[in-house]
Amino acid sequence: TETERTERLAAARDELGEDVVVLAHNYQRRELVDAADFVGDSYELSKRAAESSAEYVVFAGVTFMAESADIITDDDQTVLLPSMEASCPMAGMAEALQVDAAWAELTEAAGDRDIVPVTYMNSYADLKAFCAEQGGLVCTSSNAHRAFEWAFERGDAVLFLPDKHLGENTAHRLGLEDSTVEWDPWDAEGRAATHVADADVILWDGYCQVHERFRVEHVEQARRDHDANVIVHPECRREVVEAADRAGSTSEICDTVAEADPGETWAIGTEIHLVKHLQRWHPEVDVVPLCGDACMDCNAMRQIDPNYLTWILEELAAGRPQNAVEVAPREKELAAVAMERMLEL
Ligand code: 13P
Ligand code: SF4
């Protein structure tokens with residue numbers, strides 16, 4: 001039962017004391033969010049991991065987040081992921097080997113123009129390492145515009161990976177929409193890099209399957225049915241972000257609801273678990289999912305079952321750490337450079 005699980009979890013936590021810190025992303029289920037020491041967006045959680053001195057960081061999130069925590073924590077700290085199945089599909093849309101091949105083609109086509117690769121946090125460690133090697137950096141949804149500015153101080157153009165929507169929304173925010181192009185190096189027409197090499201912002205063809213499903217009609221319907229204010233995540237399509245009142249990272253969404261006046265209505269365009277948390281955390285605000293009944297659920301986040309958290313903590317308390325996420329040393333060193341550039345923004 002849930003009560004038994006909560007008791008077992010509390011007993012394991014007691015035994016582990018300061019040796020463990022539990023982090024949960026905003027999209028995790030209620031039981032996980034309630035059990036965590038810190039809940040937040042991917043940027044905040046990576047900072048929490050870096051600041052923590054706990055020997056073990058248990059990360060209720062997806063693999064790229066656990067990797068990022070491993071990259072920025074000290075060598076004597078170990079990051080554990082309650083399920084190794086929790087892999088973000090968008091991170092898998094830009095594999096380092098693929099990007100490496102495309103990069104060679106792109107830089108050749110670009111000639112004297114310097115292109116700076118910028119990768120969203122939602123990517124694997126080898127891609128972050130690649131970006132560092134090529135003079136680029138990592139960003140999250142809360143600092144993508146600053147990462148672009150950083151890149152334009154050092155080069156002529158940005159290759160943004162893997163999320164084309166966050167890249168496009170950021171380019172619009174900076175007034176670069178007229179020189180932004182999408183690029184799929186393996187598209188059916190076999191178009192070469194020459195057709196994108198003049199652009200200021202080149203968008204890799206990746207996307208989040210949860211956020212891409214929001215439509216402008218959802219925004220219109222929320223206004224019609226609930227007279228709602230609308231906030232969406234910048235992984236949503238450009239036209240959805242434009243139609244909404246606001247866009248922001250999961251933490252910015254949380255802040256918006258926390259600062260709303262009692263009785264205000266906010267429709268939230270992001271993963272459904274966060275919408276439900278906000279309804280619980282702020283009963284004085286009328287929080288509704290932007291998608292209405294068609295709930296937008298992230299399968300990757302859902303792989304972390306509350307029972308797995310209990311299991312991993314009990315194993316740890318018994319001296320058997322499970323599911324350690326360890327980035328290879330050379331990759332770790334380089335990826336840390338790309339992440340430190342972000343943390344300094
Ligand atoms: P943030 O929490 O950084 O806004 O990221 C959203 C997301 O999709 C994480 O997978
Ligand atoms: Fe990946 Fe989207 Fe799920 Fe975030 S919400 S983990 S970007 S699939």
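Me: In this predicted model, which residues of helix 8 do Ala144, His145 and Phe148 in helix 7 meet?

Reply: Ala144, His145 and Phe148 in helix 7 meet Leu166, Thr170 and Arg173 in helix 8, and the residues of this contact divide into 3 nonpolar, 2 polar and 1 charged.

Me: How do helix 7 and helix 8 lie to each other, and what is that arrangement called?

Reply: Helix 7, which covers residues 144–154, packs against helix 8, residues 164–173, at an angle of about 70 degrees, and their axes are 9 Å apart. That makes helix 7 roughly perpendicular to helix 8, because angles of 65 to 115 degrees count as roughly perpendicular.

Me: What makes helix 6 largely enclosed by the rest of the structure?

Reply: Helix 6 spans residues 125–133, and 8 of its 9 residues are buried, so the helix is largely enclosed. The buried ones are Ala125, Asp126, Leu127, Lys128, Ala129, Phe130, Cys131 and Ala132. What covers them includes helix 4, helix 5 and helix 15, together with strand 5, strand 6 and strand 7. Just after helix 6, Gly135 takes a positive phi of about 85 degrees.

Me: Is Val158, which has its place in strand 7, buried or exposed, and how do you know?

Reply: Val158 has 27 C-beta neighbours inside 10 Å, and it therefore counts as buried, because the call requires 20 or more.

Me: Which residues is Val158 in contact with, once its neighbours within four places in sequence are left aside?

Reply: With those neighbours left aside, Val158 is in contact with Val116, Val118, Phe148, Ala151, Val201 and Ile202. Phe148 is also one of the helix 7 residues that meet helix 8. Val158 and Ile115, for their part, are 43 residues apart in sequence and 5.5 Å apart in space, taken from C-alpha to C-alpha.

Me: Why are strand 2 and strand 4 called the edge strands of their sheet?

Reply: The sheet is an open one of 4 strands, in the order 2-1-3-4, and its pairing is parallel. Strand 2 (38–40) and strand 4 (78–80) are the edge strands, each of them pairing on one side only. On average, and with direction ignored, neighbouring strands of this sheet are turned by 25 degrees against each other.

Me: How do you know that strand 3 and strand 4 pair?

Reply: Strand 3, residues 56–60, is joined to strand 4 in the parallel sense over 3 bridges, and two strands pair because at least two bridges are found between them. Val58 has Leu80 in strand 4 as its bridge partner.

Terms used: Residues are numbered from 1 along each chain as its sequence is written. Chains are lettered from A and ligands numbered from 1 in the order in which they are written. This is a predicted model: local features need pLDDT of at least 70, side-chain atom pairs count only at pLDDT 80 or more; totals for chains, interfaces and linings use all residues. Axes are lines fitted to C-alpha atoms, for helices over the stretch in contact, and angles run from 0 to 180 degrees between N-to-C directions. Helices (H or I, at least four residues) and strands (E, at least two) are DSSP runs, numbered from the N terminus. Angles under 35 degrees count as roughly parallel, over 145 as roughly antiparallel, 65 to 115 as roughly perpendicular and the rest as oblique. Two residues are in contact if their C-beta atoms, placed from the backbone, lie within 7 Å. Ala, Val, Leu, Ile, Met, Phe, Trp, Tyr, Cys and Pro count as nonpolar, Asp, Glu, Lys and Arg as charged, and the others, Gly among them, as polar. A residue is buried if 20 or more other C-beta atoms lie within 10 Å of its own, exposed if 12 or fewer, and partly exposed in between; C-beta atoms are placed from the backbone.
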